[in-house]
Amino acid sequence: MTATVPPPETSPQGEPSRLPPDLRVSPSTWLRKNLFNTWYNSLITVIAAVVGAILLYYGGRFIFFTGQWEAVRKNLTLLMMGVFPRNEQWRLVAQMYIVASALGLAWGTVTAISQDRAEDTGVVAQRPTPLDLLRRYWSILLLLAVILVFTRTIWPTLFTLSTIAIGLAVRAGAMRLPRSSRRLCWYAAAFMAIVSFQVVSGANGNAWWWMSALFALAAFQLAGARDLTRYLGTTMAWPIFGRGRLVTAGDLLWLKRAAQIVAVVATVVAVRVVYWLIGDTSSVSWDDWSGLYLTLVASGAAIILSFPLALLLAVGRRSSLPAIRWLCVGYIEIFRGVPFIALLFIAKIFIDFFLNVDTPLSLTTRTIIVFTIFSSAYLAEVVRGGLQAVPKGQIEAGQAVGLQPPGVMRLIVLPQALRAVIPAMVGQFISLYKDSTLFAFISVVEFYRARELIHSQQEFTTTAIAETLVFVAFAYWAISYTMSKESQRLERHLGVGER
């Protein structure tokens, strides 16, 4: 969503404004100017057109006529969810509905915040049209269409359409909520994300920690609200500070910290009691998560977990404390210098020896841990480059207005640093997503490994090898291309390289 200011029709003096001339040119003029302006450029254009036509002809013939796509059609479920128990598919259906609701709520909240800012600044908010959304996500929609073409019943199509409808409906509802509920929407979206995860993994063991962390953060911010602190200062002044005592700013700060500690402890205890009352619920073992589903979950988890870890490592590497700086440098250099495939074998063989736990971690869990550690080391160097690009004068300006070092880093340095390295960060995320194919080397049945299982079947041992490779490659390209285009859109919106 972008905000634009309509051009004025008159100048401040009342004279008609001089609008720039229409710069649009006809297609033939554009072709002569850009493709046929010189003889060698014309030759290159003709050769490229012939090569493109040949590739298009043979590619189209392979896709629509000669390709043996029966292997993909018969094993579509294997490609999508691998060895996931078929009698537990309802968990994935419920999870997709909840995830669609969470994404719709987050998307609607972001759109509503943009509209609020546009209204506050007096500019015209331009909402994206369905055609704009189609241009942004056409590769993902094409992937969904291709997948649905290979299905044999109408139920996957109905499920896909209903999931999209739920996400759009929640987004429309979130955009109509009052401004005071924006922060609550973020917590609600995070709550739904955790619930969607636990629908499949169950509420066993340490699952309550994730929900405790979310509600503890919400309680911490609520207890630190200014209005609540003032209320506590006026109602509890006599019982705590004594009769006739004036409440000072230091007293209010003390009350604020005490209220936050009590709220966090009470929230964690309450969540633990709720999970204790619920008890252990049925779940699907992480080792059964596989196929494209596992690829998306592992990549998403690694991206979400590695980003804050990379921020801490990048900031720690620039710390003035030698112990912290050396620790961060050692972490980054060690994990950047070891091949990812070696770390995967370490995850498979040695992690349980280091942890010394009674119940061994699943192979999927160990793989995600190593995936996060490896990607955070690379991402930390990207963030460090952005931190070094921020002029020292920006830091001195923040110190001049009285900001403490954490405030300078959070409000001045990090926003500029992250804005400058958006292309490199998204490139690292795309590389991380594609590196998930290496899971196959340690027998984790991710998307590419599921494709290999197809050719272990007697019917497709030596047939349809190119077809399954094309299908898997297309799925990786569609998602990577969408990430790349969204990165470019964010760069244009933030004016990276322009201001």
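**View 1. The whole protein, from buried to exposed.** A residue counts as buried when its relative accessible area is under 20%, as exposed when that figure is over 50%, and as partly exposed in between. By that yardstick, 36% of the 499 residues in this protein are buried. Keep in mind that what you see is a predicted model. Its secondary structure adds up to 22 helices and 2 strands. Take the contacts between residues at least 6 apart in sequence: 77% of them join residues at least 24 apart. As for the outside, the accessible surface is about 29,800 Å², and carbon and sulfur atoms account for 67% of that.

**View 2. A look into the second largest pocket.** This pocket has a volume of about 390 Å³. It is lined by 15 residues, and the closest to its centre are V315, R318, P405, P406 and M409. Three elements each give two or more residues to the lining: α13 (291-317), α18 (392-400) and α19 (405-420). Of these, α19 gives the most, with 7 residues. Sorted by class, the lining comes out as 9 nonpolar, 4 polar and 2 charged residues.

**View 3. Zooming in on Q89.** You'll find Q89 in helix α5, which covers residues 89-121. Is Q89 buried, exposed or partly exposed? Its relative accessibility is 29%, so Q89 counts as partly exposed. Setting aside neighbours within four places in sequence, Q89 is in contact with T77, M81 and F84.

**View 4. Q89 and V200.** These two residues sit 111 residues apart along the chain, and their C-alpha atoms are separated by 9.5 Å.

Note on methods: Residues numbered from 1 in each chain as written. Predicted model: local features only at pLDDT ≥ 70, side-chain atom pairs only at ≥ 80, totals over all residues. Heavy atoms only, no water. 1 Å grid on protein atoms, 1.4 Å probe; cavity = no way out; pocket = protein on both sides within 12 Å on 5 of 7 lines; lining within 4 Å. Points joined across faces, edges and corners; volume = space filled by probe spheres on them. Helix = DSSP H or I, 4+ residues; strand = E, 2+ residues; numbered from the N terminus. Nonpolar A, V, L, I, M, F, W, Y, C, P; charged D, E, K, R; others polar. Buried < 20%, exposed > 50% of the residue type's maximum accessible area, 1.4 Å probe, protein only. Contact = heavy atoms within 4.5 Å. Areas by Shrake-Rupley, 256 points an atom, 1.4 Å probe, with all protein chains shown as cover.
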